Amino acid sequence: MSNAEEMKSLRDEWKSAIRHNLPRCCINNVISIQANITAVDAGIKPSFLFDFAFVASRDMALFLEQLYKKGLTSCVLDVISVDDHTFVAKFNELISRLQDDCTKICKRVVLIDVSKNLAAPEFVISSHSRRIIAQCLELARLAENASNSQCWTIKLSPESNASTLFGLLLGYPVVYWYSPGDTGGGNCLDMVPLCITRAFGLLDVGNSSDVVSGRAPIFSFSYPEFLRVHCEESVAKWKSNLVDIAKENKSIKIYFNEEIATLPVVAM
């Protein structure tokens, strides 16, 4: 079997697993689902927020079990439901990373305050950093205490900043923060030029000329362009780490894209 035929057979296995375990609309997102789950399995990203359709945790767990039985993943991945948002991850590794972020958050992640009362985005002050660390520890504690059977359900406290915690769970090198109470009131990113950074997972499509069809975004985040000089080092280290991990996994390659965009409204 040629490499192209092998890749087609692999794609057909993913389609079959999706068709039999997920809502019908998910079949239109085979490449994205395959690339993101492969990236989690390979350790390229800590978790994958599944937002293509609502899937009950147990149904998602059955899907992940099927992927492992078909040899499409190296282990049975876990399902973490955080306030009804479904994440696919390696649970123990994700919680270990979250706890690690608590001690290294100011070194590994750039935290930007985008609270609506600010005239412009600015770096998070130390008191907010301490609050974020406390929320990370609380999320890790909730996760460890949750019943585990491949599915974990976590309810955040009203004081938790979901946008920040989700950014940390997804492994972004730049994460937004907003003051408590701002959740329904917007932010200060509107009409601010943003540097939008995306990482794409390019699945091995062999000698197929249809290379574009084998790619999917696996990371996408932004930061204000005027803060670029302060974010570049963190983003560069993040990119280098992804490339190094991807080199050890031949099923997926990583490449990056950046653009500047100014949007009238920025949702979080």
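A pocket is an open set of grid points with protein on both sides within 12 Å along at least five of seven lines. Two such pockets, a small sheet of strands and the cysteines are taken in turn below. The model is predicted.

Start with the second largest pocket. Its volume is about 580 Å³. The lining counts 25 residues, and S163, Y172, Y176, A267 and M268 are the closest to the centre. Four elements, α6 (162-169), β7 (174-177), β8 (194-203) and β9 (215-224), each supply at least two residues of this lining. α6 gives the most, with four residues. By class, the lining of the second largest pocket divides into 17 nonpolar, seven polar and one charged.

Now turn to the largest pocket. Its volume is about 680 Å³. This pocket is lined by 30 residues. Nearest its centre lie R97, R108, V109, G171 and W238. The elements giving two or more residues to the lining are α4 (91-108), β4 (110-113) and α7 (228-247). α7 gives the most, eight residues. The lining holds 16 nonpolar, six polar and eight charged residues.

Next, the sheet. β8 and β9, both met at the second largest pocket, belong to an open sheet of three strands. The order is β9-β8-β10, and the pairing is antiparallel. β9 and β10 (252-261) stand at the edges. Each has a single partner strand, so one side of each is left without a neighbour in the sheet. Direction ignored, neighbouring strands of this sheet are turned by 20° against each other on average. Strands of a sheet pair through backbone hydrogen bonds. Between β8 and β9 there are nine bridges. Within this antiparallel pair, F200 stands opposite P217 in β9.

Last come the cysteines. How many disulfides does the count come to? The count is zero. A disulfide is a covalent bond between the sulfur atoms of two cysteines. The cut-off used here is a pair of cysteine sulfur atoms within 2.5 Å. Why does C26 have no such bond? The closest cysteine sulfur, in C25, is 4.4 Å from the sulfur of C26, too far for a bond. C26 counts as buried, because its relative accessibility is 0%. C75 has a relative accessible area of 24% and is therefore partly exposed.

Note on methods: Residues numbered from 1 in each chain as written. Predicted model: local features only at pLDDT ≥ 70, side-chain atom pairs only at ≥ 80, totals over all residues. Heavy atoms only, no water. 1 Å grid on protein atoms, 1.4 Å probe; cavity = no way out; pocket = protein on both sides within 12 Å on 5 of 7 lines; lining within 4 Å. Points joined across faces, edges and corners; volume = space filled by probe spheres on them. Nonpolar A, V, L, I, M, F, W, Y, C, P; charged D, E, K, R; others polar. Buried < 20%, exposed > 50% of the residue type's maximum accessible area, 1.4 Å probe, protein only. Pairing = 2+ DSSP bridges. Axes fitted to C-alpha atoms, helices over the stretch in contact; angles between N-to-C directions.
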